[in-house]
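Work through these exercises with the model open. Try each task before reading its solution.

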Amino acid sequence: MPYVNKPRPYKHEYEMQKSRGEHADRMERQRARRAVDKTGKDANGNGKADRREGKDVSHTKALSRGGNNKDGYKIESVHANRARNYKKKK
C-alpha cells in the first residue's frame, strides 16, 4: 500500500500517462468498445452489447504498434486477446 500516509497524486499520474502516450491508446480502446455497444443488441439492459459480454475488443493492428480503430477491431475471447504478446520484437 504505497500511499498510506499521503494522498495519491492523481493529477501527476494523469500527466505522466499522457506524456507516455497511454491516454490516447486508452481513449481509442474506449471508442472501439462504445462503437460495438452502440451497434449491438442489449437484451439485459446493462449497457454492454450481448455479443461483447465476457469478451474483449481486439484491434487488428495493436495500438502499441501504431494501430487505430480505422485498421479494424474484432470481438475476441479474453484469453486469446491477452495471451498475445504485442510487445515482442520481430
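**Exercise 1.** What covers the buried residues of α2?

Solution. Start with a caution: this is a predicted model. Next, list the residues in question. In α2, His23, Glu28, Ala32, Val36 and Asp37 are buried. Now look at their cover. It includes α1 (10-20), β1 and β2.

**Exercise 2.** Check the length of helix α2 (residues 22-39) against the expected span.

Solution. Count the residues: α2 has 18. The rule is 1.5 Å times one less than the number of residues. That gives an expected span of 26 Å. The end C-alpha atoms of α2 are 26 Å apart, so the two values agree.

**Exercise 3.** Place asparagine 69 in the chain, then decide: is it buried or exposed?

Solution. Find the position first. Asparagine 69 sits in the loop between β1 and β2. Then take the relative accessibility, which is 18%. Buried means under 20%. Asparagine 69 therefore counts as buried. Last, list its contacts, leaving aside neighbours within four places in sequence. Asparagine 69 is in contact with Glu28, Arg31, Ala32 and His59. Glu28 and Ala32 are among the buried residues of α2.

**Exercise 4.** Do the same for threonine 60: is it buried or exposed?

Solution. Threonine 60 lies in the loop between β1 (55-59) and β2 (73-77). The relative accessibility of threonine 60 is 56%. The cut-off for exposed is over 50%. So threonine 60 counts as exposed. Beyond four places in sequence, threonine 60 touches Asp71, Gly72 and Tyr73. Now compare its position with aspartate 37. The two residues are 23 apart along the chain, and their C-alpha atoms are separated by 18 Å.

**Exercise 5.** Which order do the elements of the chain follow, and how spread out is the chain?

Solution. Count the elements: 3 helices and 2 strands. From the N terminus, they run α-α-β-β-α. The globule rule gives 12 Å for 90 residues, but the radius of gyration is 16 Å, so the chain is more spread out than a compact globule. Along the principal axes, the C-alpha atoms fill a box of roughly 45 × 40 × 25 Å. Then check burial: 21% of the 90 residues are buried.

**Exercise 6.** How many positive and negative side chains does the chain have?

Solution. Count each set. There are 26 positive and 12 negative side chains. Then locate the centres of the two sets, which lie 4 Å apart. Finish with the surface. The chain exposes about 7200 Å², and carbon and sulfur atoms supply 50% of that area.

Conventions:
Residues are numbered from 1 along each chain as its sequence is written. This is a predicted model: local features need pLDDT of at least 70, side-chain atom pairs count only at pLDDT 80 or more; totals for chains, interfaces and linings use all residues. Side-chain values use heavy atoms; hydrogens and water are left out. Helices (H or I, at least four residues) and strands (E, at least two) are DSSP runs, numbered from the N terminus. Buried means under 20% relative accessible area, exposed over 50%, partly exposed in between (1.4 Å probe, protein chains only). Contact means heavy atoms within 4.5 Å. The radius of gyration is taken over C-alpha atoms; the globule rule is 2.2 Å times the number of residues to the power 0.38. Accessible areas come from the Shrake-Rupley method with a 1.4 Å probe; for residues, only the protein chains shown count as cover. Lys and Arg count as positive and Asp and Glu as negative; His and the chain ends are not counted. The place of a charge is taken as NZ of Lys, CZ of Arg, CG of Asp or CD of Glu.
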